[in-house]
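Let's take a walk through this structure together, one piece at a time. Keep the sequence and the 3D view open as you read.

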Amino acid sequence: MSDVTMRVAVLGGGSFGTALASIAADNGARVCQWLRDPELAAQINCEHRNGRYLPDYAINPAVTASTEMAEVLEGAKLVLVAIPSQAFREVVRQARPWLNAEQILVSTTKGIQEEGFKLMSQILEEETGFAHIGVISGPNLASEVAQKQLTATVIASDDPETRTCVQTALGCDYFRVYASNDRFGVELGGALKNLYAIAAGMAAALGMGENTRSMLMTRALAEMGRFAVARGANPMTFLGLAGVGDLIVTCSSNLSRNYRVGYALGEGKTLDEAVASLGQVAEGVNTVRLVREKALEDGVYMPLAEGLYQVLFNGVPAREMARLLMRGEQSSDVEFVLPREDVKQDRRDAGAPND
Ligand SMILES: NC(=O)C1=CN([C@@H]2O[C@H](COP(=O)(O)OP(=O)(O)OC[C@H]3O[C@@H](n4cnc5c(N)ncnc54)[C@H](OP(=O)(O)O)[C@@H]3O)[C@@H](O)[C@H]2O)C=CC1
Ligand SMILES: O=C(CO)COP(=O)(O)O
């Protein structure tokens, strides 16, 4: 059972922040949510509903909301930061005067900062220098969490106190929290899968079938593993909830914003139109650009990321890109079993046509 005296602060009034706040309150914690919109804060306090981001779900009435950082952070043992990556550092800086080294700081955000290719927990580390830092990631569509659909997530941190605190604060009969000590791998998985969710949405809009989606997800996993290895992460982490788990849900559901952006693109909308029609942040749009650039820099073979970049930013039609990808290099299925270079060599030895 949870510690009834625990205080939890959630920074961000969006869908996931709100869903997590409600879980912690269901678990008996005193939860205060920080958001910048006073009207939305008043609605959460009076109606126990977030009309902008989760209009159809009741929030536990024990969650209070405020626009005052000091009020929200006072006495908080656990601080969950649920702010899109582009504003993440700015909000952590706003919070910094009221943070202390005893607190557990956890990012829920699946994105990358352009400058320095930083993940969000690295920003928490840089801005605070504190030791209790972690990341939550997994197949966690916010509206399903708010609906109390049975869900699992991962708390990743090399600090055992952080892992235990989050399991205690959030683990309950509808939300199961698994532990990992691979913070980098878990966080990278959450950011990378957004790319492929865009591609899956696009494929669905183009009428492509289940075989196609399965191929896309599996090759996405191969590509994610390649990128992870090149950056020193453990690819085994991608076999867990924050890798394959999140990839499955985000590539399969129009509850995912990244999938919906892809779907809109597949229907023929421009990127600007697709993003505008969403009205919320789809982290994957920016991540495509950053990952493609990093892959080129590091010489990592990422044909899906490259293809997606060409469709999103260079106007290549999605169907044409799919055709080019199908005609790409004949390669290995599982590279950890049969290395890609071996397949290339076999083909050269056999005099097979160049790909
Ligand atoms: N939604 C989901 O299903 C899941 C999301 N995540 C991750 O969680 C992250 C954030 O959570 P989510 O709740 O989804 O995000 P939303 O997009 O639903 O909401 C974003 C929140 O951040 C606030 N915000 C944005 N910019 C600023 C700023 N400059 N200063 C202060 N507040 C700001 C918004 O405020 P305002 O309304 O005033 O603009 C809003 O409260 C996402 O980036 C995503 O990667 C993870 C798992 C599931
Ligand atoms: O990460 C998510 C589910 O795990 C939510 O994905 P979106 O950001 O695409 O909505």
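**A tour of two domains and two ligands**

Counted by class, the shell around ligand 1 is made of 11 nonpolar, 10 polar and 5 charged residues. Keep in mind that what you're looking at is a predicted model. Ligand 1 has 26 residues around it, and the closest are G14, F16, A87, K110 and A142. If you'd like to find this spot by way of the helices, go to α1 (15-26) and α4 (85-95), since each of them supplies at least two residues of that shell. The shell also draws on both parts of the protein: domain 1 (7-181) and domain 2 (185-331) each give at least three residues to it.

That brings us to the domains themselves. The domain assignment splits the protein into domain 1, residues 7-181, and domain 2, residues 185-331. Their C-alpha centres lie 26 Å apart. Where the two touch, domain 1 puts in 23 residues and domain 2 puts in 24. On the domain 1 side, you can trace the contact through α5 (120-128), β10 (133-137), α6 (142-146), β11 (151-156) and β12 (175-180), each with at least two residues in it. The largest share on that side comes from β11, with 4 residues. Sort the domain 1 side by class and you get 12 nonpolar, 8 polar and 3 charged residues.

Now for the other ligand. Where does ligand 2 lie with respect to the two domains? Domain 1 and domain 2 both give residues to its shell, so ligand 2 lies between them. There are 14 residues around ligand 2, and N140, L141, S256, R257 and N258 come nearest. Three helices, α8, α10 (241-252) and α11, each supply at least two residues of this shell. Of the elements involved, α10 gives the most, with 3 residues. By class, the shell around ligand 2 divides into 5 nonpolar, 5 polar and 4 charged residues.

Since α8 and α11 have just come up, let's see how they sit together. Helix α8 covers residues 183-205 and helix α11 covers residues 257-266; their axes are 6 Å apart and the helices pack at an angle of about 40°. Is that roughly parallel or oblique? Angles under 35 degrees would count as roughly parallel, and α8 and α11 are therefore oblique to each other. The crossing of α8 past α11 is right-handed. From α8, the residues that meet α11 include N194, A197, I198 and M202. Their partners in α11 include N258, Y259, L265 and G266. The residues of this contact come out as 11 nonpolar, 5 polar and 1 charged. N258 is worth a second look: it is one of the residues that come nearest to ligand 2, and it also belongs to the contact of α11 with α8.

Helix α8 has another partner, helix α14 (residues 303-314). Here the two axes come within 10 Å and cross at roughly 60°, and α8 and α14 are therefore oblique to each other. This crossing is left-handed. L195, Y196, I198 and A199 in α8 meet L304, A305 and L308 in α14. Which classes turn up in this contact? There are 7 nonpolar residues, no polar and no charged. Notice I198 and A199 too: they face α14 in this list, and they also appear among the α8 residues that meet α11.

Our last stop is the pairing of α14 with helix α13 (residues 283-298). These helices pack at an angle of about 130°, with axes 9 Å apart, and that makes α13 oblique to α14. The crossing of α13 and α14 is left-handed. On the α13 side, the contact has V285, V288, R289, V291, R292 and A295, and these meet A305, E306, L308, Y309, L312 and F313 in α14. By class, the contact holds 9 nonpolar, no polar and 3 charged residues. You have come across A305 and L308 before: both of these α14 residues also take part in the contact with α8.

Terms used
Residues are numbered from 1 along each chain as its sequence is written. Chains are lettered from A and ligands numbered from 1 in the order in which they are written. This is a predicted model: local features need pLDDT of at least 70, side-chain atom pairs count only at pLDDT 80 or more; totals for chains, interfaces and linings use all residues. A residue is near a molecule or strand if its C-beta atom, placed from the backbone, lies within 6 Å of it. Ala, Val, Leu, Ile, Met, Phe, Trp, Tyr, Cys and Pro count as nonpolar, Asp, Glu, Lys and Arg as charged, and the others, Gly among them, as polar. Domain bounds come from an automatic or database domain assignment. Axes are lines fitted to C-alpha atoms, for helices over the stretch in contact, and angles run from 0 to 180 degrees between N-to-C directions. Angles under 35 degrees count as roughly parallel, over 145 as roughly antiparallel, 65 to 115 as roughly perpendicular and the rest as oblique. A crossing is left-handed if the near helix is turned anticlockwise from the far one by less than a right angle, and right-handed if clockwise. Two residues are in contact if their C-beta atoms, placed from the backbone, lie within 7 Å.
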